[in-house]
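Me: I'm new to reading protein structures, and I'd love some help with one small part of this one. Could you take a close look at a strand and its surroundings with me?

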Amino acid sequence: MNPRFHQLPPDQQAWIQDYVNGTLDEAGFAAFQNELARNPALRSQLRRYLALDDHLRRGSDEAAGISADWQAAAAPPPPPKPVAFSMSRLRQAWPAALAACLAFGLAVTLFWKPRPDDTATEEAVASGFAVVTRLLNAQWPEGASARREGDALGSETFALADGAAEIQFFCGATVTLQGPARLTLDSAWAATCHAGSLRVHVPPAARGFKLHAPDTEITDLGTELGLEVTEAGAKVAVFEGEIAMRHREGPEQIVPGGKGFDLPKSSQAAETKVSPDTFPNPALLDPHFQNQRQRSFERWQTHRDTFAADPRLIAYYTFDQPRGSGSVANLAVPNDPESAGAIILAETVDGRWPGLKQALEFRRPGSRVRVNLPGEFQAFTFSAWVRIDSLDRRYSSLFMADGYETGEPHWQLRDDGKLMLSVMVDDTRPNPKMPEDAGFHRVYYSPPVWDVSKSGQWMHLTSVFDPAAREVRHYVDGRRVSEQAIEPDFFIGTLRIGNAEIGNWGEPFRDTPWFAIRHLNGRIDELAVFKAALTDEAIARIFEGSRTGSAPARKLR
Amino acid sequence: MPGPPPSSDDAYERFLKLFAHHENDLRTFIRSLLPTWHDADEVVQQSALVIWRKFDQFDPSTEFMKWACVIARFEALAYRRKMARDRLVFREDILELMADEGAEEIDQRQAEYEALESCLQAIPEKHRRLLTLAYTPGIKVKELARQAGSSSAAFYMRLNRLRKDLMHCIESKTQSAS
């Protein structure tokens with residue numbers, strides 16, 4: 001993955017911003033060009049930023065002349081003295097969404113923290129009020145973003161080219177959508193269907209959920225209903241309960257269960273017989289969801305068996321031990337019972353395939369898995385499927401050697417979402433930055449890879465300590481997110497592990513609480529340690545082989 | 001379009017249709033090569049002329065945008081040579097790199113434009129108002145800042161911040177796609 005804009009070094013961000021504003025000075029421009037010539041990531045970000053600049057301008061242009069979706073309601077202020085403009089559509093939708101989210105306290109709210117380099121006053125708040133709960137053979141229209149199960153959705157349009165998707169609104173309503181379909185999420189309480197066929201289940205707590213079709217407004221009074229929108233108009237069928245419906249300029253009418261209506265574009269609603277088969281049926285989809293999950297799990301099992309035979313593995317734990325078991329086997333071939341992990345307090349919970357595979361949860365402060373992995377190594381790769389619920393400790397452990405003695409690794413996350421990998425270079429030499437700290441080492445950070453919007457989602461994290469290439473690399477979901485050179489002073493070629501812990505740190509050497517408590521508030525589904533520095537391709541393959549879902553393989557770079 | 005009419009009205013129709021369909025994407029592509037909107041507009045116009053002039057060489061079984069990007073790249077380079085001594089005009093090698101890589105990202109740009117739509121809906125109204133102001137054709141940031149009673153530096157900072165948030169939003173929405 002290319003770094004995102006906010007992950008670029010601050011000076012590179014400033015170059016791009018000043019270049020676009022036309023305020024970059026000559027020396028800055030020269031440095032900018034030199035960096036551009038050698039840095040494809042910077043070029044890629046510059047193009048994206050310039051495209052944003054162009055798109056924003058296009059929006060203004062189009063509002064000035066032709067109508068455009070997002071600018072249509074925003075009549076442009078005539079220069080030079082701009083006047084207030086109406087944003088009726090957005091103004092209505094946004095506070096409603098916000099209110100709903102606050103009311104339910106379920107909002108996935110991520111605050112874009114004000115950065116120290118930036119004194120602008122307001123904080124931007126992005127908010128979600130629905131979540132993609134299930135996907136079945138989902139295909140996405142060209143150019144639209146691919147969604148994953150667990151994705152939070154806010155005020156946006158969800159487009160499905162094929163397959164089925166289930167979206168749960170935070171008010172409790174569940175929409176099952178059959179592709180091709182386009183649904184705009186207006187708030188936790190309202191959605192607009194532009195095309196396609198769907199079924200809504202509205203439990204009592206979500207009564208009042210509003211569904212719009214191009215010419216019809218439906219208020220769901222606690223029911224199950226189907227809606228199909230085509231070019232010619234819409235069709236609605238009430239399976240249970242009742243709805244209030246207003247079509248075009250007609251009067252609002254109450255439609256009881258068992259009835260269906262034709263809702264043509266250009267004439268009145270007309271009662272008709274609508275077959276329930278017209279609409280997606282979650283009950284009929286269930287076996288398919290199960291099947292998909294089963295196939296995906298079997299795919300992983302095959303991957304696991306070949307993976308375990310990789311001679312570069314030091315350890316491979318998949319945590320699918322029987323519930324209540326006190327130990328987890330190291331699956332790396334040849335199997336060595338000595339390197340099994342001892343499970344302490346960590347709970348066996350559902351893993352990435354609920355009901356099929358388990359994981360370990362390290363939510364309780366004392367939870368940990370203790371391992372002993374003797375030997376000397378020339379490189380490390382740590383790789384794990386992790387579900388982080390929150391990073392409320394200063395540091396959250398993934399894999400930590402006990403004593404942090406010379407050659408021993410620490411793999412963890414910081415509370416700002418950055419992955420950290422470090423290896424003790426010399427535990428007898430004082431650390432110039434933190435003299436009271438134990439020993440001479442350097443921590444290699446990734447850009448932030450986690451924020452609260454990813455809470456509860458499974459992620460594949462990998463970090464590589466590569467002394468031969470003098471480099472440390474971090475990966476998320478099989479893609480490299482950063483690399484950093486190991487400088488000569490911090491070089492160490494002989495690595496060890498010995499006693500270590502997964503999901504916690506056994507022997508903190510400082511007694512300050514933020515150092516001492518480092519359990520991971522989340523789950524680990526599998527974890528592998530290699531005595532080699534894996535390549536980008538190998539890491540992408542591991543991600544592909546072990547991921548959930550049946551989506552076709554991503555293109556590997 | 002004031003191009004010379006080398007072929008039938010039919011060809012002109014086809015050209016207009018294709019060009020109208022792709023003009024926005026072509027402008028976005030050209031914008032990434034040159035320092036200002038004004039420069040980009042010039043090169044879009046010049047490219048449109050050349051595309052029409054050479055339209056009989058266009059093979060309809062190939063992608064129009066690919067072909068148009070090749071022409072626009074050439075026109076941007078020619079424009080660059082005239083403007084090379086102006087501020088913030090890229091070196092030739094960088095312009096070429098940007099053009100070659102940018103021509104492969106047309107689909108990505110469209111996805112980002114779509115994502116921007118929903119990202120704009122998710123920001124507070126006063127931020128949208130600021131953006132609309134800043135991007136109003138013919139507006140001068142100095143003048144805007146004066147009216148708002150702040151310095152242009154503060155205005156740019158706010159604008160930078162907003163665009164950064166939009167970039168974050170767009171990247172979140174588009175980078176989960178393959």
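Reply: Happy to help; here is a walk through one strand and its partners, followed by a single residue elsewhere in the chain. Keep in mind that this is a predicted model.

Let's start with strand β10 of chain A, which covers residues 216-220. Is this strand enclosed or open? Four of its five residues are buried, so β10(A) is largely enclosed by the rest of the structure.

Now look at the strands that pair with it. One partner is strand β9 (residues 209-213) of chain A, which runs antiparallel to β10(A) and is joined to it by five bridges. To get from β9(A) to β10(A), the chain passes through a hairpin of two residues. If you want a pair to find on screen, A:His212 stands opposite A:Glu217 of β10(A).

Another partner is strand β13 of chain A, made of residues 242-247. Here, too, the strands run antiparallel, and five bridges link β10(A) with β13(A). For a pair to find here, try A:Asp220, whose bridge partner in β13(A) is A:Ile243.

Next, move along to A:Glu224, which belongs to strand β11 (residues 224-230) of chain A. Why does A:Glu224 count as buried? Its relative accessibility is 16%, and buried means under 20%. Its side chain makes a polar contact with the side chain of A:His201, at 2.9 Å. Beyond its neighbours within four places in sequence, A:Glu224 is in contact with several residues, among them A:Arg199, A:Val200, A:Val238 and A:Phe239. A:His201 is also included in that set of contacts.

Technical notes:
Residues are numbered from 1 along each chain as its sequence is written. Chains are lettered from A and ligands numbered from 1 in the order in which they are written. This is a predicted model: local features need pLDDT of at least 70, side-chain atom pairs count only at pLDDT 80 or more; totals for chains, interfaces and linings use all residues. Side-chain values use heavy atoms; hydrogens and water are left out. Buried means under 20% relative accessible area, exposed over 50%, partly exposed in between (1.4 Å probe, protein chains only). A polar contact is a pair of N or O atoms within 3.5 Å; within protein, one must be able to donate a hydrogen and the other to accept it, and residues adjacent in sequence count only if both atoms are side-chain atoms. Contact means heavy atoms within 4.5 Å. Two strands pair if DSSP finds at least two bridges between them.
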